[in-house]
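Subject: Structure handover

Hello,

I am passing on the structure you asked about, with notes on what was found in it. Please look it over before reading on.

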Amino acid sequence: MYLTHLECPRCGREHDAGRPANLCGCGSPLLARYDLAAVAEAVTPERFGLRPADLWRYREVLPVADERHVTTLGEGWTPLLRAPAYGAEIGIPDLIVKDEGLTPTGSFKARGAAVGVSRARELGVERIAMPTNGNAGAAWATYAARAGMGATIAMPLDAPTICRRECLAAGADLRLVDGLISDAGRWVAKLVADSGGTVFDAGTLREPYRLEGKKTMGYEIVEQLGWQVPDVIIYPTGGGVGLIGIHKAMHELRELGWVEDKLPRLVAVQSTGCAPVVRAFAAGQDRAEPWADAHTVAFGITVPAPLGDELILAALRESSGTALAVDDAEILADLRDFARREGLLLCPEGAACLTAARHLRAGGWIRAGERVVVLNTGAGLKYPETVDVSGVPVVAA
């Protein structure tokens, strides 16, 4: 294993990667660091094509030392799908969708769960707990079950019903909270504090290895494009782990010498009903203030106070990116328009990225001829309410 230590991006303190870890003492999430010079000597990009088509093909830059602890359901290596019809309509002929809906639990959360659970298992964790807006809890419950670990999942009452069912099917201890994910987080924090060390907090960015699973989206995009980077990557941003992970992947790839210096511009997409990152970015702030009365049809990005706000904002600015809030009505309209033109039903969070792409191209931020990758972070089938069937005619049998 090439993992060397954990590092605090805020205060610079190094932490031992050989024991379970949560936040730094200063309150910041921790980042996993690797001996990338040794990785570059051990493997070349050409080797990955000979390996299985899953995220574990990048094992040299993942944190699990002993493959016996790898907990997998075949996650990763999701397709890049060109969208020529919709792309032409909005002025982006080279529009590409990375469809994370084809992961084992139907969302990109399977990546973080696979790596996070595997490393927790290796470090001796027996039970995890976490707040969730739905998909992350379903994924972590599923992978915890496969690893033989216990899981306590707390989610808002308004979370997608299918995610509750996934948690219960996996044998998790599911708790529904009458509030937002921040309220679920407070419930989990008390549970962990009262557990005497028997329950590990696996909440968003509260442990360092979920991020390592998410970063493999960045590695895959580059490999699938022939070890070239796109001009723009658009990502729906709630907790922001995927965006932070892709940013981390791009920097690792550059340090490894596998891509050139130019990196993609990152776009964080939020809803006008919950846009703390967009507001902070526009104001030039390094931290985001909590968003009051958060609500959006894109439930997965309803995160009023993301723990990783500093890292999200830094990634946007370092990549010359931007942040944009889009309206729920436009999200649903673009979801349906895209499905009609391309035959793929996106999740509302993925559709929000299309809305953002349309606006950014119309305003000139996305330039003519640029290659744009949009992340569809989950299967549209998990959100059946996004397509209204009430007006469908009934015919006689």
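Is Trp77 buried, exposed or partly exposed, and what is its relative accessible area? The model is a predicted one, and in it Trp77 is partly exposed, with a relative accessible area of 28%. The cut-offs matter here: buried means under 20% and exposed means over 50%, so a value of 28% falls in between. Trp77 sits in the loop that runs between helix H2 (45-48) and strand S4 (80-82). Its backbone deserves a look, since phi of Trp77 is positive, about 55°, although the residue is not a glycine. Most residues other than glycine have a negative phi. Ser320 is another non-glycine residue with a positive phi, near 60°. Ser320 is also in a loop, the one between helix H11 (309-318) and strand S12 (322-326).

Overall picture

The protein has 397 residues, and a compact globule with that number would have a radius of gyration near 21 Å; the value here is 20 Å, which agrees. Along the principal axes, the C-alpha atoms fill a box of roughly 60 × 50 × 50 Å. The secondary structure consists of 13 helices and 13 strands. Of the 397 residues, 58% count as buried. The accessible surface is about 15700 Å², and carbon and sulfur atoms hold 51% of it. Among contacts with a separation of 6 or more, 71% are between residues 24 or more positions apart.

The parallel sheet

Four strands form an open sheet with parallel pairing, in the order S8-S7-S6-S9. S8 and S9 are the edge strands, each pairing on one side only. Between S6 and S7 the parallel pairing extends over five bridges. Two positions give the register: Ile128 is opposite Ala151 in S7, and Met130 is opposite Ile153 in S7.

S7 is mostly covered, with seven of its seven residues buried. In a regular strand the side chains alternate between the two faces of the sheet. In S7, Gly150, Thr152, Ala154 and Pro156 point one way, while Ala151, Ile153 and Met155 point the other way; all of these are buried. The residues Ala151 and Ile153, named above for the register, thus belong to one of these two sets.

Helix H7

Which elements cover the buried residues of H7? They include strand S6 (127-131), strand S7 (150-156), strand S8 (173-177) and strand S9 (200-201). H7 itself covers residues 181-194, 14 residues in total, and reaches 20 Å from its first C-alpha to its last, close to the 20 Å expected at 1.5 Å a residue. Its buried residues include Ile181, Ala184, Val188 and Val192. These four are on the same side of H7, because they cover an arc of only 75° around the axis. Arg186, Lys190, Ala193 and Asp194 are exposed on the other side of H7. Just after the helix, Gly196 takes a positive phi of about 70°.

Two further positions

Asn135 is in helix H5 (residues 135-147). With a relative accessible area of 11%, Asn135 is buried, because that value is under 20%. Leaving aside neighbours within four places in sequence, Asn135 is in contact with Ser107, Lys109, Cys163, Lys382 and Tyr383. Asn135 and Cys167 are 32 residues apart along the chain, and their C-alpha atoms are separated by 9.4 Å.

Gly27 lies in the loop between strand S2 (14-15) and strand S3 (31-34). Gly27 is partly exposed, with a relative accessible area of 27%. Beyond its neighbours within four places in sequence, Gly27 is in contact with Arg10 and Leu307. Gly27 and Cys8 are 19 residues apart in sequence, with 9.2 Å between them in space, C-alpha to C-alpha.

Regards

Definitions and conventions: Residues are numbered from 1 along each chain as its sequence is written. This is a predicted model: local features need pLDDT of at least 70, side-chain atom pairs count only at pLDDT 80 or more; totals for chains, interfaces and linings use all residues. Side-chain values use heavy atoms; hydrogens and water are left out. The expected span of a helix is 1.5 Å times one less than its number of residues. Buried means under 20% relative accessible area, exposed over 50%, partly exposed in between (1.4 Å probe, protein chains only). The arc is that of the directions from the helix axis to the C-beta atoms. Contact means heavy atoms within 4.5 Å. The radius of gyration is taken over C-alpha atoms; the globule rule is 2.2 Å times the number of residues to the power 0.38. Accessible areas come from the Shrake-Rupley method with a 1.4 Å probe; for residues, only the protein chains shown count as cover. Two strands pair if DSSP finds at least two bridges between them.
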